[in-house]
Amino acid sequence: MKIPISVLVVIYKSNREVLLIERADRTNFWQSVTGSLDARNEDLASAAAREVLEETGIAVEQLPINALQSMHQQIQYEIYPEWRFRYAPGVTRNTEHWFSLQVPDDIQIQLSPREHIAYQWLPFEEAAKKCFSPSNGEAILKLFSAHLSKTK
């Protein structure tokens, strides 16, 4: 059974383009990297790095030390009814922790075809609008509003 604690990782380049990946099980469902903890005691940052590697082929440990950052944000959302069978009976809500990952502009993406069938880099505003999950779009906008306020 899946653990109802997950991570969301907004992957972006220096030009503020964001990586979106299309789910294999749902046509036109675009999202950032997401995934549940493998064990209740799994460290959130470790889970984020693991999911990034599984879904995109990007090895976080080969990037600069602070490339992966917690956004210090978590949300709770209702699990879609068609996906609840993956969780223990009665589990209807998930807690998602947000991370950001800055990658080199020439990074190579290697999708896991079991999970995702396509990817694209989009300007952050466009990426936020394209996400099927409103909270994923919020995470993207929050990341770049934080960046914009630091540069002013």
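**Group meeting: a pocket, two cores and selected residues**

Let me begin with Asp38, which is placed in the loop between S4 and H1. Please keep in mind that the structure before you is a predicted model. At 57% relative accessibility, Asp38 counts as exposed, because the cut-off for that class is over 50%. Setting aside residues within four places in sequence, Asp38 has contacts with Ile3 and Arg50. With Arg50 the link is also a polar one: the two side chains make a polar contact of 3.3 Å. As a further reference distance, the C-alpha atoms of Asp38 and Leu53 are separated by 14 Å, and these residues are 15 apart along the chain.

Let us now take the partner's side. Arg50 belongs to helix H1. Is Arg50 buried or exposed? Its relative accessible area is 17%, so Arg50 is buried. Beyond residues up to four places away in sequence, Arg50 touches Ser36, Leu37, Asp38 and Glu42. The polar contact at 3.3 Å therefore joins the side chain of an exposed aspartate, Asp38, to that of a buried arginine, Arg50.

I turn next to the largest pocket. The space in it comes to about 800 Å³. Its lining is made of 33 residues, and those nearest its centre are Lys2, Arg23, Gln31, Thr34 and Trp83. Two or more lining residues come from each of strand S1 (5–12), strand S4 (33–36), helix H1 (44–56), strand S5 (68–78), strand S6 (93–102) and helix H3 (134–151). Which element gives the largest share of that lining? It is H1, with four residues. By residue class, the lining holds 13 charged residues, ten polar ones and ten nonpolar ones.

The next topic is the nonpolar interior. The largest nonpolar core has 22 residues, and Val9, Ile11, Val52, Ile58, Leu68, Leu101 and Val103 have the most contacts inside it. Elements giving two or more residues to this core are S1, strand S2 (17–23), H1 and S6. There is also a second, separate core, which has 18 residues, including Leu8, Tyr12, Trp98 and Ala127.

Leu68 is a useful member of the largest core to inspect. Which residues does Leu68 contact, once neighbours within four places in sequence are left aside? They are Val9, Ala45, Ala48, Ala49, Val60, Phe99, Ser100 and Leu101.

One of those contacts, Ser100, leads us to strand S6, where Ser100 is found. Ser100 has a relative accessible area of 5%, so this serine is buried. Apart from neighbours within four places in sequence, Ser100 is in contact with Val9, Val10, Tyr12, Ala67, Leu68, Gln69, Met71 and Leu143. Among them, Val9 and Leu68 are members of the largest core, whereas Tyr12 is part of the second one.

His97 is also found in strand S6. It counts as buried because its relative accessibility is 14%, where the cut-off is under 20%. Excluding residues up to four places away in sequence, His97 touches Ile5, Ser6, Val7, Leu8, Leu44, Gln73 and Gln74. Where does its side chain find a polar contact? The partner is the side chain of Gln74, at 3.3 Å. Although 23 residues separate His97 and Gln74 in sequence, their C-alpha atoms are 4.4 Å apart in space.

I now move to Ser133, in the loop between helix H2 (124–130) and H3. Ser133 is a loop residue, and its relative accessible area of 17% means that Ser133 is buried. Its side chain and that of Ser135 are joined by a polar contact of 3.0 Å. Across the fold, the C-alpha atoms of Ser133 and Tyr12 are separated by 18 Å, the two residues being 121 apart along the chain.

Finally, two backbone details deserve a look on your screens. Arg16 lies in the loop between S1 and S2. Its phi is near 70°, a positive value in a residue other than glycine. With a relative accessible area of 30%, Arg16 is partly exposed. Asn28 lies in the loop between S2 and strand S3 (30–31). Asn28 is not a glycine either, and its phi is positive, at about 65°.

To close, I return to the starting point: Asp38 is exposed, and its side chain makes a polar contact with that of Arg50. Thank you for your attention.

How values were computed
Residues are numbered from 1 along each chain as its sequence is written. This is a predicted model: local features need pLDDT of at least 70, side-chain atom pairs count only at pLDDT 80 or more; totals for chains, interfaces and linings use all residues. Side-chain values use heavy atoms; hydrogens and water are left out. On a 1 Å grid over the protein atoms alone, a cavity is a set of points where a 1.4 Å probe fits but cannot get out, and a pocket is an open set with protein on both sides within 12 Å along at least five of seven lines; lining residues have an atom within 4 Å of a point. Grid points are joined across faces, edges and corners, and a volume is the space filled by probe spheres set on the points. Ala, Val, Leu, Ile, Met, Phe, Trp, Tyr, Cys and Pro count as nonpolar, Asp, Glu, Lys and Arg as charged, and the others, Gly among them, as polar. Buried means under 20% relative accessible area, exposed over 50%, partly exposed in between (1.4 Å probe, protein chains only). A polar contact is a pair of N or O atoms within 3.5 Å; within protein, one must be able to donate a hydrogen and the other to accept it, and residues adjacent in sequence count only if both atoms are side-chain atoms. A nonpolar core is a set of buried Ala, Val, Leu, Ile, Met, Phe, Trp, Tyr and Cys residues joined through side-chain atoms within 4.5 Å. Contact means heavy atoms within 4.5 Å.
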